[in-house]
Amino acid sequence: MTDVQFKNITKHYGAEVALSNFSLNINSGELVSILGPSGCGKTTALRILAGFIQPTAGNLLVGGHEILELPAAKRGYGMVFQSYSLFPNMTTFENIEFPLKLRKIDAAARAKRVNELLDLISMEEHAQKFPHQLSGGQQQRIALARAVALEPPILLLDEPLSALDATVRDQLRDEIRSLQKRLGITTVFVTHDQQEAMAISDQVAIMRSGQVEQLGSPRELYQNPKNSFVARFVGISNQIKSTKIGDAWKVLGSSVSGPAEFNTGIAFIRPEDIKITPNLDGIAVVEEISFLGSFVRVFMSVEGNRVIADLQISEAEKLIIGQQVELTIRDANPLIESI
Ligand code: ADP
Ligand code: MG
């Protein structure tokens with residue numbers, strides 16, 4: 001088993017605190033993304049797992065064994081970085097072969113394994129090319145093949161798609177996921193891109209200032225963010241000023257449950273959870289209607305604040321700009337934070 005447990009890991013660089021009581025459990029065979037803004041400690045966490053840096057305090061277990069004493073080479077995890085790290089003077093074949101040579105595997109077995117890997121990443125016809133003759137996406141596929149050549153127990157990816165343009169990025173993202181599933185390899189994927197993390201992961205750890213703010217499946221994080229930091233990080237939300245009346249919270253035209261500790265707050269409501277009903281007495285006014293392909297985004301103003309709703313195309317057909325509408329919400333238990 002190659003489950004990973006970061007236990008209260010702290011890392012100081014002089015006065016700088018890169019990680020502070022960072023705890024995270026990763027199940028064997030899963031792909032977990034570490035998602036957070038630049039500087040929050042993602043790379044530091046990954047490099048501690050790889051064995052490149054030692055934490056100031058805390059513990060790290062893989063498969064139930066403490067591994068902080070093990071040097072990086074003994075851990076033997078596969079790694080891919082943002083920058084293309086291929087050897088420029090070696091062909092595709094030679095780059096993938098390199099770790100096998102280091103391991104002193106004989107030539108025939110090496111060739112067999114390299115050909116398997118070339119097939120896995122669909123790069124057979126580029127075997128004799130040098131990195132400068134290949135696109136960024138192709139180079140990253142080779143880096144990936146090289147990283148898994150020795151069948152490492154764990155694969156570590158540090159923003160491997162950040163340098164690529166959007167179309168290649170989406171394609172390679174899906175390829176990484178299918179490769180990871182086929183190999184069943186425990187994978188830690190570091191990114192600052194929420195869509196990337198949501199699309200690819202079994203679990204996402206949202207990080208903030210050296211700590212895990214929330215760990216959950218993409219769906220859990222989207223539907224039940226524990227606070228506004230997480231809600232903002234995973235998708236867009238309307239921020240609606242709300243008040244508690246009696247025991248219930250009034251959010252737009254709906255009564256919902258919410259916190260008991262305070263009486264005025266901001267509710268975070270996803271655009272698809274806003275329901276629009278035409279009503280001449282409604283206090284919301286339709287300002288803009290954008291057709292976005294598979295859905296329609298409606299921009300409204302409510303007492304000077306902008307509210308965004310995403311509707312099915314059929315639901316939006318009868319709406320017109322300038323129309324007065326009433327807004328209710330579909331979320332019976334939204335996140336509400338104190339002002
Ligand atoms: P991320 O990958 O999320 O962008 P990092 O893990 O690289 O963040 O860095 C976390 C914090 O630690 C940052 O404030 C960064 O400036 C600091 N840091 C990282 N590496 C070093 C280092 N070698 N020396 C000093 N400070 C560092
Ligand atoms: Mg980083």
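**Exercise 1. Strand S17 and its neighbours**

Determine which residues of strand S17 point one way and which the other, and establish whether they are buried or exposed.

*Solution.* Begin with the two sets of side chains in this predicted model: Val296, Val298, Met300 and Val302 point one way from S17, while Arg297, Phe299 and Ser301 point the other way. In a regular strand, side chains alternate between the two faces of the sheet. Next, consider burial, for which the cut-off is a relative accessible area under 20%; the residues of both sets are all buried, and the count for S17 (residues 296-302) is accordingly given as 7 of 7.

Then turn to the pairing of S17. Strand S16 (residues 284-291) is joined to S17 by 7 bridges, and the two strands run antiparallel, with Val285 having Ser301 in S17 as its bridge partner. S17 also pairs with S18 over 7 bridges, again in the antiparallel sense, and here Val302 stands opposite Asn305 in S18.

Finally, inspect the connections. The hairpin of S16 and S17 has 4 residues between the strands, and in this hairpin Gly293 takes a positive phi near 95 degrees. The hairpin of S17 and S18 has 2 residues between the strands, and in this one Glu303 takes a positive phi near 45 degrees.

**Exercise 2. The second largest pocket**

Find which residues lie nearest the centre of the second largest pocket, and state which strand gives the largest share of its lining.

*Solution.* The volume of the second largest pocket is about 420 Å³. Of its 21 lining residues, those nearest the centre are Ile240, Lys241, Leu252, Val302 and Glu303. Two of these names return from the first exercise, since Val302 is the residue opposite Asn305 and Glu303 is the residue with the positive phi in the hairpin of S17 and S18.

Now assign the lining to elements: at least two residues each come from strand S11 (238-245), strand S12 (248-251), strand S18 (305-311) and strand S19 (324-329), and S11 gives the largest share with 5 residues. Sorted by class, the lining has 9 nonpolar, 6 polar and 6 charged residues.

**Exercise 3. The open sheet**

Write down the order of the strands in the open sheet of 6 strands, and explain why S6 and S10 each have one side without a neighbour in the sheet.

*Solution.* The order is S6-S7-S8-S3-S9-S10, and the pairing is mixed. Because S6 and strand S10 (211-216) stand at the edges, each has a single partner strand, and one side of each is therefore left without a neighbour in the sheet. From one strand to the next, the twist averages 15 degrees.

Within the sheet, strand S3 (residues 31-35) and strand S9 (residues 203-208) run parallel and are joined by 4 bridges, and Ser33 stands opposite Val204 in S9. Helix H1 (residues 42-50) lies across S3, S6, strand S7 (154-158), strand S8 (186-191) and S9, and runs at about 150 degrees to S7.

The loop between S9 and S10 contains Ser209, which is exposed, with a relative accessible area of 59%. Ser209 is 181 residues from Ser28 in sequence, and their C-alpha atoms are 26 Å apart in space.

**Exercise 4. The largest pocket, the cavity and Arg173**

Work out how the residues lining the largest pocket divide by class, which residues line the largest cavity, and whether Arg173 is buried or exposed.

*Solution.* The largest pocket holds about 600 Å³ of space. Its lining comprises 21 residues, with Tyr77, Gly78, Met79, Pro99 and Arg146 nearest the centre; by class there are 16 nonpolar, 3 polar and 2 charged residues. Helix H2 (72-75), strand S6 (78-80), helix H3 (92-102) and helix H5 (136-148) each supply at least two of the lining residues.

The structure holds 1 cavity of 30 Å³ or more, and about 40 Å³ of space lies in the largest cavity. It is lined by Val80, Gln140, Leu144, Pro160, Leu161, Leu172 and Ile176, with H5 and H6 as the elements that give two or more residues. By class, this lining has 6 nonpolar residues, 1 polar residue and no charged residues.

Arg173 is located in helix H6 (residues 166-183). With a relative accessible area of 15%, Arg173 is buried. Setting aside residues up to four places away in sequence, Arg173 touches Leu161, Gln195, Glu196, Ala199 and Ile200, and Leu161 is also one of the residues lining the largest cavity.

Definitions and conventions: Residues numbered from 1 in each chain as written. Chains lettered and ligands numbered in written order. Predicted model: local features only at pLDDT ≥ 70, side-chain atom pairs only at ≥ 80, totals over all residues. Heavy atoms only, no water. 1 Å grid on protein atoms, 1.4 Å probe; cavity = no way out; pocket = protein on both sides within 12 Å on 5 of 7 lines; lining within 4 Å. Points joined across faces, edges and corners; volume = space filled by probe spheres on them. Nonpolar A, V, L, I, M, F, W, Y, C, P; charged D, E, K, R; others polar. Pairing = 2+ DSSP bridges. Axes fitted to C-alpha atoms, helices over the stretch in contact; angles between N-to-C directions. Contact = heavy atoms within 4.5 Å. Buried < 20%, exposed > 50% of the residue type's maximum accessible area, 1.4 Å probe, protein only.
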